[in-house]
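Please open the structure in your viewer and keep the sequence panel visible beside it. The tour below proceeds from the whole chain to single residues, with a selection to make at each stop.

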Amino acid sequence: QQEKVRTVLITGATSGIGYELSKLFAKNGYNLVLVARNKQRLGELVQQLSQEFSVRTESISKDLSEVISPAEIFAELQEKSIHIDILVNNAGFNEYGVFFNTDIQRELQMIQVNLVSLTYLTKLLLPGMLKQKYGKILNVASTGSFVPGPYNAVYCATKAYVLSFSEAIAEELKDTNVTVTALCPGATKTQFAQRAKMEHTKLFSGKVMDAEKVAEVGFDALMRGKASVIAGCANRLTVFFLRFMPRNIVAKMAKNIMSLK
């Protein structure tokens with residue numbers, strides 16, 4: 001009996017970690033549903049992956065900062081009778097700066113993308129996974145999930161939510177065949193830093209991981225059903241030691257790392 005081809009939905013699929021994960025899943029023979037805002041870039045990616053790896057690739061162009069988007073994505077999947085076996089909540093962005101100076105509209109959109117849409121998509125797709133007795137969810141958190149982040153106050157708070165939420169539902173789903181994994185990357189070579197105008201911070205001028213490597217770490221942890229994984233040895237060590245430090249010291253250290261050089 002031939003093994004069923006699984007289908008994975010990836011948000012924020014056209015760049016950075018999402019793009020690398022898309023390639024990785026395609027290479028491993030998964031059918032793809034790619035979600036991103038940029039319709040043209042999505043079209044190019046669909047063509048590239050379906051030609052290179054001969055997997056079925058669909059795209060849904062949606063802006064996850066819009067409240068209605070997760071429900072619209074779900075409706076489109078149902079319309080096309082596509083069952084999602086694996087959900088990758090990767091879409092996310094940052095607004096860098098001192099909180100009283102940053103753009104509140106951007107921050108509200110960030111909360112919507114990083115946190116609300118992630119929760120909503122998980123809520124919509126989880127029942128189908130439980131019904132099929134198979135499913136995997138990968139939520140992209142951050143090393144920022146472990147720290148209060150001055151100049152990144154809202155971003156780190158959204159990522160703390162992602163980690164906490166993922167670990168909690170991973171435990172709830174323990175006796176099912178559905179697993180939840182939180183991937184916590186540190187600074188990664190993507191367009192993320194430029195978009196957030198933080199490429200000149202100390203954080204991004206230090207050792208920065210390749211998006212491809214981060215994607216591999218996430219993919220591996222997801223396949224093994226780990227509740228959480230921190231990408232990179234140095235990041236793992238840092239997070240380990242942070243657990244023993246008073247929070248006010250951690251905030252001071254984070255402030256220093258997040259400041260401009």
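For the charges discussed at the first stop, Lys and Arg count as positive and Asp and Glu as negative, whereas His and the chain ends are not counted. Please bear in mind throughout that this is a predicted model.

**Stop 1: the whole chain**

Select the entire chain and colour it by secondary structure. The chain contains 10 helices and 9 strands. Its radius of gyration is 18 Å, close to the 18 Å that the globule rule gives for 261 residues, so the chain is as compact as a globular protein of that length. Rotate the view along the principal axes: the C-alpha trace spans about 55 × 40 × 30 Å.

Next, display the surface. The accessible surface of the chain amounts to about 13200 Å², and 53% of it belongs to carbon and sulfur atoms. Of the 261 residues, 49% count as buried. How are contacts distributed along the sequence? Among contacts between residues at least 6 apart in sequence, 70% join residues at least 24 apart.

Now colour the charged residues. The chain has 31 positive and 23 negative charges, and the mean positions of these two groups are 5 Å apart.

**Stop 2: the cysteines**

Select the cysteines and show their side chains. A disulfide is a covalent bond between the sulfur atoms of two cysteines. How many disulfides does the structure hold? The number is 0. Cys-156, for instance, takes part in no disulfide, and the nearest cysteine sulfur, that of Cys-184, lies 11 Å away. With a relative accessibility of 3%, Cys-156 counts as buried.

Move on to Cys-233. Its closest cysteine sulfur is also in Cys-184, at 15 Å, which is too far for a bond. Is Cys-233 buried or exposed? With a relative accessible area of 52%, Cys-233 is exposed, because the cut-off for that class is over 50%.

**Stop 3: Thr-14 and Leu-49**

Select Thr-14, which is located in the loop between β1 (7–11) and α1 (16–27). Although it sits in a loop, Thr-14 counts as buried, at 13% relative accessibility; the cut-off for buried is under 20%. Which residues does Thr-14 touch, not counting residues up to four places away in sequence? They are Tyr-19, Ala-36, Arg-41, Leu-42 and Leu-45.

Continue to Leu-49 in helix α2, which covers residues 39–53. At 0% relative accessibility, Leu-49 counts as buried. Show its surroundings: once neighbours within four places in sequence are left aside, Leu-49 is in contact with Ser-22, Lys-23, Ala-26, Leu-32, Leu-34, Ser-54, Val-55 and Thr-57. Then use the distance tool on the C-alpha atoms of Leu-49 and Phe-25; these residues are 24 apart along the chain, and the two atoms are separated by 9.9 Å.

**Stop 4: two lysines with positive phi**

Select Lys-133, in the loop between α4 (104–132) and β5 (135–140). Its phi is near 55°, a positive value in a residue other than glycine. On the surface display, Lys-133 counts as exposed, at 62% relative accessibility.

Then select Lys-197, in the loop between α6 (192–195) and α7 (202–205). Lys-197 is likewise a residue other than glycine with a positive phi, near 55°. Its relative accessible area is 65%, so Lys-197 is exposed.

**Stop 5: two glycines in loops**

Select Gly-206, found in the loop between α7 and β8 (209–210). At 42% relative accessibility, Gly-206 counts as partly exposed. Pick its C-alpha atom and that of Ile-257: the residues are 51 apart along the chain, and the atoms are separated by 9.5 Å.

The last selection is Gly-225, in the loop between α8 (211–224) and β9 (228–230). Gly-225 counts as partly exposed, with a relative accessibility of 30%. Where are its contacts, leaving aside neighbours within four places in sequence? Gly-225 is in contact with Thr-179 and Thr-181. Finally, draw a line from the C-alpha atom of Gly-225 to that of Glu-72. These residues are 153 apart along the chain, and their C-alpha atoms are separated by 29 Å.

How values were computed
Residues are numbered from 1 along each chain as its sequence is written. This is a predicted model: local features need pLDDT of at least 70, side-chain atom pairs count only at pLDDT 80 or more; totals for chains, interfaces and linings use all residues. Side-chain values use heavy atoms; hydrogens and water are left out. Helices (H or I, at least four residues) and strands (E, at least two) are DSSP runs, numbered from the N terminus. Buried means under 20% relative accessible area, exposed over 50%, partly exposed in between (1.4 Å probe, protein chains only). The radius of gyration is taken over C-alpha atoms; the globule rule is 2.2 Å times the number of residues to the power 0.38. Contact means heavy atoms within 4.5 Å. Accessible areas come from the Shrake-Rupley method with a 1.4 Å probe; for residues, only the protein chains shown count as cover. The place of a charge is taken as NZ of Lys, CZ of Arg, CG of Asp or CD of Glu. A disulfide is a pair of cysteine sulfur atoms within 2.5 Å.
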